[in-house]
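Hi,

Here is the structure I promised to pass on. Have a look at it first, and then read my notes below.

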Amino acid sequence: MLTEAFFRAIPKLALHDHLLGTIARETFQDLARLRGAAITAEEIAAFYIRGEKPVGVLRAFRALEAEVLQQPEDFHRITYEYLAAHARHGVVHAEIFWNPTGSARNAAEYARLRSGILAAFEDARRDLGISALLIPSIDREAPPEAAMALVEWMIEEPDPVAVGIGIDYNEVKGPPELFVPAYQLAGRHGLRRTAHAGEFGCPPANIRIAIHQMGVDRLDHAYTAVDDPELCREIVDRNLIVTVVPTNSYYLRTLPRESWAAEHPIRRMPGLGLRIHPNTDDPTMHLVDPSRAWSMMHRDFGFGPEALRGFLLNGIEGAFVEEAQKSVWRAEHLAAFDRLLKDTAP
Ligand SMILES: [Zn+2]
């Protein structure tokens, strides 16, 4: 059995975290007080539990967007704290989702709030040696016009660090076909593309739309691909890396407690050829950290050193960085992995 210390020490990439899901509870409370948001400490506390969230929890998210995070320095604080927490768990590079349309109303406001995030990226790189990219993300519970507006803002206010787009929130409420025009516009302007698809038990057809019509460069979740071997082959042939989340709340909620890990689709994905990479998603709100997300792959889903080594390579392959950076990471991270493995299991 590999130890928690091993998982903490291996160099890691984080390709699937949502900025709002990384906020520490004390920071949420501090900022809510500072900005005079109408949200109680109890409502905030209810957010920080594992598994099923209480009714009305979405309100906390929306309050965060609309009432709490008002200034670039608010975004700076949560971004820097997130990167510092991940760096303590061996993360050397993070690509993070943020839904600008929840807080900004136009391109100028988008750029103004984004400046806090980008300044935090620079500070964290200087102080902690961790690099980061931003993936402005479509809120699929908002109308498709907001998605279009977001991509237009990104075109109007380009920055190489805001490398591409994603799409998140509830896939049942916002099916992918509604957002194809926004993705196509992003593609025409050279933005990288990833998408949450096949989450919440949504049909594999959603993953097909992400690939064929949205033109994604990688996939987030895509669990229901396991029900469709032909789709799995296509994902493999197109060299699409899939970010997965061991603590994903849908399966915690819907699978029987005693057989949860055995029945989880993550367990079957590598056997179908899918190249997966484990992530924390909403780390503070799901009470998980990168070391634990990786150790769950081993302890709960039974993946051994060889498979874990492959996940490490998958993350590098799927990152939205230049090939030169990838080859540096491949050499360094594999060497570190192999050395730590040797120290752990002589
Ligand atoms: Zn997610």
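How many cavities of 30 Å³ or more does the structure hold? Two. Before I go through them, please keep in mind that this is a predicted model, so everything below was computed from its atoms.

**The cavities**

Let's start with the largest cavity, which has about 60 Å³ of space in it. If you want to find it in the viewer, select its lining: Lys12, Leu13, Ala14, His16, Asp17, His86, Val91, Pro278, Asn279, Thr280, Pro290 and Trp294. Two elements give two or more residues to that lining, namely strand 1 (12-18) and helix 14 (290-299). Strand 1 gives the most, with five residues. Sorted by class, the lining has six nonpolar, four polar and two charged residues.

The second largest cavity has a volume of about 40 Å³. Around it you'll find Thr101, Ser137, Ile138, Asp139, Ala142, Pro143, Ala146, Ala147 and Leu150. Here strand 3 (131-139) and helix 7 (144-156) each supply at least two lining residues. The classes come out as six nonpolar, two polar and one charged.

**Helix 8 and its surroundings**

Strand 3 and helix 7 turn up again when you look at what helix 8 packs against. Helix 8 covers residues 180-188, and its buried residues are Val180, Ala182, Tyr183, Leu185 and Ala186. Besides strand 3 and helix 7, these buried residues pack against strand 4 (164-168), strand 5 (192-197) and helix 9 (204-212). Just after the helix there is a backbone detail to look at: Gly190 takes a positive phi of about 75 degrees.

**The cysteines**

How many disulfides did the count give? Zero. Cys202 is in no disulfide, and the nearest cysteine sulfur to it, that of Cys232, is 17 Å away. Seen from the other side, the closest cysteine sulfur to that of Cys232 is in Cys202, and at 17 Å it is too far for a bond. Are these two buried or exposed? Cys202 counts as buried because its relative accessibility is 6%, and Cys232 counts as buried as well, at 1%.

**The aromatic rings**

There is a fair bit to click through here, as a search of the whole structure finds 11 aromatic pairs. Take Tyr223 and Tyr251: their ring centres are 5.3 Å apart and their planes sit at 85 degrees, so the pair is edge-to-face. That pair links distant parts of the chain, with the two residues 28 residues apart. Tyr223 is in the loop between strand 6 (218-221) and helix 10 (229-237), while Tyr251 belongs to helix 11 (residues 249-254). Tyr223 counts as buried, with a relative accessibility of 0%, and Tyr251 is buried too, with a relative accessible area of 7%.

Which residues do ring pairs link into a cluster? Phe75, Trp98, Tyr110 and Trp153.

That's what I have so far. Over to you!

Cheers

Terms used:
Residues are numbered from 1 along each chain as its sequence is written. This is a predicted model: local features need pLDDT of at least 70, side-chain atom pairs count only at pLDDT 80 or more; totals for chains, interfaces and linings use all residues. Side-chain values use heavy atoms; hydrogens and water are left out. On a 1 Å grid over the protein atoms alone, a cavity is a set of points where a 1.4 Å probe fits but cannot get out, and a pocket is an open set with protein on both sides within 12 Å along at least five of seven lines; lining residues have an atom within 4 Å of a point. Grid points are joined across faces, edges and corners, and a volume is the space filled by probe spheres set on the points. Helices (H or I, at least four residues) and strands (E, at least two) are DSSP runs, numbered from the N terminus. Ala, Val, Leu, Ile, Met, Phe, Trp, Tyr, Cys and Pro count as nonpolar, Asp, Glu, Lys and Arg as charged, and the others, Gly among them, as polar. A disulfide is a pair of cysteine sulfur atoms within 2.5 Å. Buried means under 20% relative accessible area, exposed over 50%, partly exposed in between (1.4 Å probe, protein chains only). Contact means heavy atoms within 4.5 Å. Rings of Phe, Tyr and Trp (its six-membered ring) pair if their centres lie within 6.5 Å; planes under 30 degrees apart count as stacked, over 60 as edge-to-face and the rest as tilted.
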